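Please open the structure in your viewer and keep the selection tool at hand, since this tour moves from one selection to the next.

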Amino acid sequence: MAVALPEVVEELLSEMAAAVRDSARSTGLLKFVFGSSAIQALDLVDRQSITLISSPSGRRVYQVLGSSGKTYTCLASCHYCSCPAFAFSVLRKNDSLLCKHLLAIYISQVMRNCQQLSVSDKQLTDILLMKKKLEA
């Protein structure tokens, strides 16, 4: 029986939430599963680089301010990040489960320290379309 990646991540993060008081254990588990991107993701969480943007219709998108200063748009619901590492390591080479930005989002959800921004549906559409224009 195949297990979907979000289920695996959800299970891991559920265990991490239970062990959040023991930071050494949580960090070790993350490093074992996600490698060096775990430390980078934890750094993003520590710097409060994750913002959940939501609209009245229930749409949700995350923006992560990367360590390089560039902002990446992530859709946790479909396991997508706009960063080059996601395109290369996750999609093309298939040698990583997640990029550091998605992992930071999942960690920030567990730790409940994600910044939140509510915008109108039009503003959210504009955010997504602006990202598309910048990539073109």
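Begin by colouring the strands of this predicted model, where five of them form an open sheet in the order β4-β3-β2-β1-β5, with mixed pairing. Then select β4, residues 80–81, and β5, residues 115–118, which stand at the edges of the sheet with a single partner strand each, so that one side of each is left without a neighbour in the sheet. As a general point, strands of a sheet pair through backbone hydrogen bonds, and the pairing may be parallel or antiparallel.

For a look at one such pair, select β2, residues 60–65, together with β3, residues 71–75: these strands run antiparallel and are joined by four bridges. If you label Gln-63 and then search β3 for its bridge partner, you will arrive at Thr-73.

Next, zoom out to the whole chain, which comes to six helices and five strands. Followed from the N terminus, the elements run α-α-α-β-β-β-β-α-α-β-α. If you colour by accessibility, buried residues make up 36% of the 136 residues in the chain.

Now turn to the cysteines, and select Cys-83 and Cys-81 with their sulfur atoms shown. How many disulfides does the count come to? The count is zero, and this pair helps to show why: the closest cysteine sulfur to that of Cys-83 is in Cys-81, at 3.7 Å, which is too far for a bond, given that a disulfide requires the two sulfur atoms to be within 2.5 Å. Is Cys-83 buried or exposed? With a relative accessibility of 3%, Cys-83 counts as buried, whereas Cys-78, which you can select next, has a relative accessible area of 48% and is partly exposed.

Move on to the surface and select Phe-32, Val-33 and Leu-97, which make a nonpolar patch of about 310 Å². To place Leu-97 along the chain, show α4, residues 84–92, and α5, residues 100–111, because Leu-97 lies in the loop between these helices. The relative accessible area of Leu-97 is 39%, and this residue is therefore partly exposed.

As a last stop, select residues 72–110, a span that UniProt lists, in an unreviewed entry, as "domain: SWIM-type". Within this span, 51% is helix and 15% is strand, and the C-alpha atoms at its two ends lie 20 Å apart.

Note on methods
Residues numbered from 1 in each chain as written. Predicted model: local features only at pLDDT ≥ 70, side-chain atom pairs only at ≥ 80, totals over all residues. Heavy atoms only, no water. Pairing = 2+ DSSP bridges. Buried < 20%, exposed > 50% of the residue type's maximum accessible area, 1.4 Å probe, protein only. Patch = residues over 30% accessible without salt bridge, like charges linked within 9 Å, V, L, I, M, F, W, Y side chains within 5 Å. Areas by Shrake-Rupley, 256 points an atom, 1.4 Å probe, with all protein chains shown as cover. Salt bridge = Lys/Arg side-chain N within 4 Å of Asp/Glu carboxyl O. UniProt positions renumbered as here; feature names shortened; annotations may be inferred.
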